[in-house]
Structures are given as structure tokens and as C-alpha cells.
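Me: I have a structure open and I'd like to walk through it with you. Could you take my questions as they come?

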Amino acid sequence: MKTYDQWQQLADTVTIPNNAYINGQFVPALSGETFDCVNPTTEQCLAKVASTDAADVDVAVSAAKKAFKSGVWSQMAPRDRKNIMLKWADLVSQHQDEFAVLDTLDMGKSISEMLTIDVPDSIDCMRWTAEGIDKLYGEIAPTGGPNLALISHEPIGVVAAITPWNYPLMMASWKIMPALAAGNSVILKPSEKSPLSVLRLAELATQAGMPDGVFNVLPGFGHTAGKALALHNDVQVLAFTGSTRVAGMLMQYSGQSNLKRVWIEAGGKSPCLVFDDYEDIEKAAQGAAAAIFTNQGEVCIACSRLYVQSSIKDVFMEALLKAAKKYVPGNPLDPNTNMGPLVDKNQMDTMSRFVNSAKQEGARLVLGGAPSYQAGQGFFVEPTIFVDAENRMEFVREEIFGPVLAVSTFDTEEQAIALANDSQYGLGAAIWTSNLSRAHRVSRRLESGMVWVNTWGDGDTTVPFGGVKASGNGRDKSLHAMEKYTELKNVWIRL
């Protein structure tokens, strides 16, 4: 891996894309408006990025619809679509250092995490999804008599994807790759807090041979570009990752327009259950720390609620504090840094509010605390842990999206399950136990779309990703993701 000085040199010379990408070319917003893209490490402006709105959405949707109707992509032979997407993945691989630097500069993620998680996982998603294009078969129904019933999957049309700032490249790949693989045209609206890497991604799509208009990127704000996409009658599918509040608004916009399908991956407040039968306390503590302090806690599946069996509380807390103290805020371009800044001042203020709320409601602070902001010094915070937390407390119930951990205890398995399920969310959950029967028993009863046993966050493109309850619907990754972006058609033939 490069040294800090080498990464800094690349950061100083990398080209920063700053315009929308519509119909195969970079263009400014029709209004001429821009917004500042700020480096959270230095608080300096990286670029003034085109701020698109409803007028730009109309242009992009028109280009995407025209491309879809022409059949240049939607009716292309599956193997040919596959080859273009594989070439696209190869180009991303060739420029992986550039993508790593763009997201590190844009939202503060550590460069080491970009190179070990975000970029390779994005490339894997691109390649795996591309390889699946020509392996999805239709069906023939078991009809009787002189009948033949054919069941096929067909592309839907124009798909809009709205993605978050915490994993800019990876979250985008999870949405756009299956939609494109199915033959749709796609318009991506990245978060205004981290639009850079996906703008570069769009440019490489054209270089790979993707026809103009098939993939477009509209940087801008949710209340302008995002809302316009959600209300547009020529957008047939909307895929979203973000807050539960915004998810609800998007579903309302669907009802106010053309009843477009809305697929949601929303908020999370994932529980981590540590049972006293688990043999390696230090490993469980390290896993629990990683589950909340990775990416500064800006992770939808972060296990921000930790429930420890009472009999091992003291020894576990000692191991947990030891593990947590290894997460030290620093410059994310340094390969040794494992914790960068929060994405912006608003996120820092949100963390401060929840930390103060936790104190007021009676939780006891044992590590970290409310951040102390100094202008121009970046949005750095420390790992923060509270004990004596209760499910009634606001910071236990609400998603913080920062490195704040609420620790509680339980006595019995039934109590652990009840505490874990006492949440509006149901995205992820983790269990630490050496009892195989317990692992099966508890995982089945947890109200969660994903459960990890004796680990956290593991998985690859072969398995689906998504939640239940207020955490959303539908699934990213795996072949199941293709179901969101295809129509199921039945053709009945009388022979």
C-alpha cells in the first residue's frame, strides 16, 4: 500500500469531477447553480458541483427513456450487456486508487478501508452482477391441453436510484448494477455530501461502451433533484438508501405520481447480543467495537445497541474498552488511520445532541463524549460508550449515525430477544454464542433482515442485503436484487 505522502500527492493531483453526467457527457446544471463539495478532514472546498433540479431531471429522464425505447441497451443480447459491464468493472479496477482517494476526500472514510472494502466490493458487485445477466432463465408453466404458458422477466424502463453518503461508490453499485444488468436505463442521484466517485464511474461507463443515455448521474439536493425524480411520471422504479423519514416521503411521492415501485433500505438500530457461553471474550469485544466504530459509526447496519449477559458484564466491558481505544481519529489519507472525521458539521452536531440526551436520561458515560469542534480542524470525534442504557432512552431508540454505543445487560435468552426486537428498525443483528442450537434459535426469532453469528457485517454479493419493519423492503445484492428491476410477464399461447 502507498504511504501517507504518496496518497497525499495523489489527492493533490486527482481530477475532481464537478458536473452532471447526462446522455454520455458532463454538463452543468441548467440553472447554473452549484454547491460546495467539502473535505470533512480539512473543511476546505474540493469543488463547486453542479446542483441539478427538476429541469435537469426532465432532460435526464428524457434521455434515459429514449435510450430505453430505442432498444440500444434494453434489447441488446444479454451476453453483450455482460461484456460491456465487465469491461466497465475492469476500468474501475484500473483506477481503484483514484476512486479510493475521491471517496476519502469527499466523506472522510479511511483510505485503508476504501482499498480493502469499498472499492473491491464495488468491483465484485459489478462483475458478479454482470455474470448473472445471461444466467437468468424464464419458465414454462405446467399447463394442460393445447396450451403453452411462457413466464419471462423483462426490463421495466427508467430506474432512479438515490444513494447515501456513507458508502458512496459501494451503495451506488448495489443499486445501479442489477438495474442496468436487467436492461433498464438508470438515473443516479448521489448524496450532495459525496457525489464525486460516481461521477467518475459514469465517465468510465461510456468508455466501456455503454450507450449514451443509459446511465446518468445528477448531483443535487434531495428536496430538488431527488423529489423531482420521485414525482416524475416517466420514472418507473425508485430505489433508495437513506433515512426512514425520507423513505416515507418518497413513498408518498410515488402515490402522488404514477405509483412507481419504491424500494427502500432505510434506517437501522441494530442489536448485538453477547451470551456468556461464548468462549472468546476478547474476540467478541473486538467484534462489538468494530460493529459501531467502523467508518466512524456512519453505517446503516452499525450495532449501536449492545446487550451483554449480566454474568460476564465486567470482564466484557474491560475487553470492550480496550478494543474501543484502538480506534483513534486521524487523517484518513494515512494508511494507519482507522477512524476519519464525520461527514460534516451537521452530523457532528447530531452526535452531540444524542450524547447530551443520553446523559440527561441517566446513561453513564465510560468513554468519549460530546465532540469539541474547532473551526478548520475537521469534524473529528472519539469513540463513545454509555453503560446503564435502557430501551426507553432516545439515544437507544433513534439512529445516530455516529460512533455512540449504548450498553445494556440481560439475564436470560428470552429477555435478550425481547430487548433486541424492541425497536422500530429491523436491518441487522449480531449474536455471539458458542451454542449452535442457541444461534439457530435466536437468529430465527430476531426481527431483522440479516443476522450475523460470531461476526459482524460479513457477506458478499451472493447474499441479499436489506431489512424489515421501518428498515425498508426489497433487497440489494444477490440475484434477488434483479427482481426489483424486472417485470414478470406471462404469455399464454393456444396451440
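**The second largest pocket**

Reply: Gladly, and please keep in mind that this is a predicted model. A good place to begin is the second largest pocket, which holds about 280 Å³ of space. Its lining is made up of 18 residues, and those closest to its centre are Arg81, Ile133, Leu136, His153 and Ala182.

Me: Which element gives the most to the lining of that pocket?

Reply: Strand 6 does, with four residues in the lining of the second largest pocket. Strand 6 covers residues 147–155, and helix 3, which covers 78–94, is also among the elements that each supply at least two lining residues.

Me: And by class, how many nonpolar, polar and charged residues are in the lining?

Reply: The lining of the second largest pocket has nine nonpolar residues, seven polar ones and two charged ones.

Me: OK, new topic: how many salt bridges does a search of the whole structure find?

Reply: The search finds 30 salt bridges across the whole structure. As background, side chains of opposite charge can pair when their charged atoms come close.

Me: What does aspartate 349 form a salt bridge with?

Reply: The partner of aspartate 349 is lysine 345, and the closest N and O atoms of the two are 2.8 Å apart. Both belong to helix 12, residues 345–360, and because they are four residues apart in that helix, about one helical turn separates them.

Me: Are those two buried or partly exposed?

Reply: Aspartate 349 counts as partly exposed, because its relative accessibility is 36%, and lysine 345 is also partly exposed, at 29%.

Me: Which residue does glutamate 413 meet in a salt bridge?

Reply: Glutamate 413 meets arginine 438, with a distance of 2.8 Å from N to O. This pair links distant parts of the chain, since glutamate 413 sits in helix 14 (residues 413–421) and arginine 438 in helix 15 (residues 436–445), with their positions 25 residues apart in the numbering. Glutamate 413 is buried, with a relative accessible area of 13%, and arginine 438 is buried as well, at 14%.

Me: What about glutamate 447, where is it and what does it pair with?

Reply: The side chain of glutamate 447 meets that of lysine 469 in a salt bridge, again given as 2.8 Å from N to O. Glutamate 447 lies in the loop between helix 15 and strand 19 (450–453), while lysine 469 lies in strand 20 (residues 468–469), so that the pair, 22 residues apart, links distant parts of the chain. Glutamate 447 counts as partly exposed at 39% relative accessibility, and lysine 469 is partly exposed too, with a relative accessible area of 37%.

Me: Which residues are linked in a network of salt bridges?

Reply: Such a network links Lys82, Glu131, Asp134 and Lys135.

Me: Back to helix 14 for a second: which of its residues are buried, and what do they pack against?

Reply: The buried residues of helix 14 are Glu413, Ala416, Ile417, Leu419, Ala420 and Asn421. They pack against strand 12 (271–274), strand 13 (305–309), strand 16 (404–410), helix 15 and strand 20.

Me: Now the inside: how many residues has the largest nonpolar core?

Reply: The largest nonpolar core has 139 residues, and those with the most contacts inside it are Trp88, Phe215, Leu306, Phe316, Leu320 and Phe395. Helix 6 (residues 168–181) provides the largest share of this core, with 10 residues.

Me: What is phenylalanine 215 in contact with?

Reply: Leaving aside neighbours within four places in sequence, phenylalanine 215 is in contact with Tyr21, Trp88, Ile176, Val186, Leu188, Leu201, Ala202, Ala205 and Met210. Apart from the largest core lies another one, of 24 residues, among them Ala20, Val57, Leu218 and Ile264.

Me: Last one: where is alanine 130, and is it buried or exposed?

Reply: Alanine 130 is in helix 5 (residues 111–132), and it counts as buried because its relative accessibility is 0%. Beyond its neighbours within four places in sequence, alanine 130 is in contact with Lys82, Met85 and Leu86.

Key. Residues are numbered from 1 along each chain as its sequence is written. This is a predicted model: local features need pLDDT of at least 70, side-chain atom pairs count only at pLDDT 80 or more; totals for chains, interfaces and linings use all residues. Side-chain values use heavy atoms; hydrogens and water are left out. On a 1 Å grid over the protein atoms alone, a cavity is a set of points where a 1.4 Å probe fits but cannot get out, and a pocket is an open set with protein on both sides within 12 Å along at least five of seven lines; lining residues have an atom within 4 Å of a point. Grid points are joined across faces, edges and corners, and a volume is the space filled by probe spheres set on the points. Ala, Val, Leu, Ile, Met, Phe, Trp, Tyr, Cys and Pro count as nonpolar, Asp, Glu, Lys and Arg as charged, and the others, Gly among them, as polar. A salt bridge is a side-chain nitrogen of Lys or Arg within 4 Å of a carboxyl oxygen of Asp or Glu. Buried means under 20% relative accessible area, exposed over 50%, partly exposed in between (1.4 Å probe, protein chains only). A nonpolar core is a set of buried Ala, Val, Leu, Ile, Met, Phe, Trp, Tyr and Cys residues joined through side-chain atoms within 4.5 Å. Contact means heavy atoms within 4.5 Å.
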